[in-house]
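This report walks through selected features of one protein model for a reader who is meeting it here. Please look over the sequence and the structure below before reading on.

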Amino acid sequence: MFASASEVSIEATVYLPPRMLGAFLSFGVSIWSAFLVLVCFNIGISNLADPRELASFVLVILFVLLGITFFWWGINIWRLSYSFRAGNLIVRWGLRRIIIPISEIREVVSGFEVGKIEIGGLNWWGCHVGTGFSERFGEIQFFSTHNSVEENVVIVTDRRAYSLTISDINTFYQDYLSRYRAGAKPVSAEEKTESVFGMDSPIWDDKSFQALLGFASVPFLGILVYTYIFYERLPSAVRIFFPEAKSIVEIFPREELLKIVYVALGIFFCNIVFALMVHFRARSLSIWLLFGGGIFNSLLLAALIIAFEKG
């Protein structure tokens, strides 16, 4: 027997998917990245004057970013939850909450009816967060940790469908059905996605920001590649001419030219960090930071090429 309207509790009920496998793999990648950071840092610190060792510091930064990213995903997998709050189904993933009014749900079906489909996004054992497409249901947003489709339920609305991994599907369905029949008042009257802390990131949809990030990366990568290829061909001491007084020629160790590379490295990563930090509040400033960084590193690349050719 289903509960009557007067018997339906408005208290929240929370359903947690199986999370161990997905979180374990994500944290494992993070730990492995930390190990590689130590290895690359130890290689790089041994000889700062060798550009091949400089490449180790670039790998250090990349592995740090990789480790932080997978650690963050691991936390999100561990905190993934689905809850009924009055008349809403709320899916929590990371800093986002997907709020689905029960009144807008057209049907709840087994994941078996969806079948096997490709999911674009985070997609490994125990973690499937992204978008897929089904001929029957159209766009399906996955927030699941399933190993087989039978573990999922599909929540279908007029806008899209959501695939969730529910351990006790029968209890979940009875909870939904009793709230639907009771006409529980929704906390939100419309289907929407919101940030837990009001920090929705528009970066993923900002094509200009992404294009300028690529623009800023090209000259920096050019500096690294050019230095790596041509540095060993330089003599141990290089001549640097002063255009204002052509008769003056200074002799420097070739290691002095690596200062250009270190400056480019600092500018590149500082600009990216600051651009990401201010994008939420001042998009135009973040755009100019990336543009200015790209131009400056382009000038450094030209200076490096000239210095190598003159050397």
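## Two buried strand residues

In this predicted model, V109 has a relative accessible area of 9% and therefore counts as buried, since the cut-off for that class is under 20%. V109 belongs to strand β5, and its C-alpha atom lies 8.8 Å from that of N152, although V109 and N152 are 43 residues apart in the sequence.

A second residue to look at is I140, which is part of strand β8. With a relative accessible area of 0%, I140 is buried. The C-alpha atoms of I140 and A161 are 4.6 Å apart in space, while 21 residues separate I140 from A161 along the sequence.

## Salt bridges around R136

The number of salt bridges counted in the model is 5. One of them joins E107 to R136, with 3.6 Å between the closest N and O atoms. Because E107 sits in strand β5, which covers residues 105–110, and R136 sits in the loop between β7 (127–134) and β8 (138–144), this pair ties together parts of the chain that are 29 residues apart in sequence. E107 is partly exposed at a relative accessible area of 26%, and R136 is also partly exposed, with a value of 49%.

The E107 and R136 pair belongs to a wider arrangement, for E107, E113 and R136 are linked in a network of salt bridges. From its place in the loop between β7 and β8, R136 also comes to a C-alpha separation of 7.7 Å from V114, a residue 22 positions away along the chain.

## A bridge between E139 and R160

Which acidic residue meets the side chain of R160 in a salt bridge? The partner is E139, and the N to O distance between the two side chains is 3.3 Å. This pair links distant parts of the chain, since R160 lies in the loop between β9 (152–157) and β10 (161–165) while E139 lies in strand β8, the two being 21 residues apart.

R160 has a relative accessibility of 27% and so counts as partly exposed. E139, with a relative accessible area of 35%, is likewise partly exposed.

## A buried bridge within helix α3

Another salt bridge is formed by the side chains of R179 and D175, at an N to O distance of 2.9 Å. R179 and D175 are both in helix α3 (residues 169–182), and because they are 4 residues apart there, about one helical turn separates them.

Are these two charged residues buried or exposed? R179 counts as buried at 3% relative accessibility, and D175 is buried as well, with a relative accessible area of 11%.

## A nonpolar patch on the surface

On the surface of the model, F215, W288, F291, I295 and L299 form a nonpolar patch, and together these residues have about 510 Å² of accessible area. Where does the largest share of this patch come from? Helix α6, which spans residues 283–310, supplies that share with 4 residues.

One of the patch residues, I295, can be placed individually, as I295 is found in helix α6. I295 has a relative accessibility of 37%, so I295 counts as partly exposed.

## The second largest pocket

Rolling a probe the size of a water molecule over the atoms shows where empty space is left. In this model, the second largest pocket has a volume of about 280 Å³. The lining of this pocket is made up of 17 residues, and those that lie nearest the centre of the pocket are K116, I117, I119, H146 and V149.

What is the character of the residues in the lining of the second largest pocket? The lining residues divide into 7 nonpolar, 8 polar and 2 charged.

Terms used:
Residues numbered from 1 in each chain as written. Predicted model: local features only at pLDDT ≥ 70, side-chain atom pairs only at ≥ 80, totals over all residues. Heavy atoms only, no water. Patch = residues over 30% accessible without salt bridge, like charges linked within 9 Å, V, L, I, M, F, W, Y side chains within 5 Å. Areas by Shrake-Rupley, 256 points an atom, 1.4 Å probe, with all protein chains shown as cover. Salt bridge = Lys/Arg side-chain N within 4 Å of Asp/Glu carboxyl O. Buried < 20%, exposed > 50% of the residue type's maximum accessible area, 1.4 Å probe, protein only. 1 Å grid on protein atoms, 1.4 Å probe; cavity = no way out; pocket = protein on both sides within 12 Å on 5 of 7 lines; lining within 4 Å. Points joined across faces, edges and corners; volume = space filled by probe spheres on them. Nonpolar A, V, L, I, M, F, W, Y, C, P; charged D, E, K, R; others polar.
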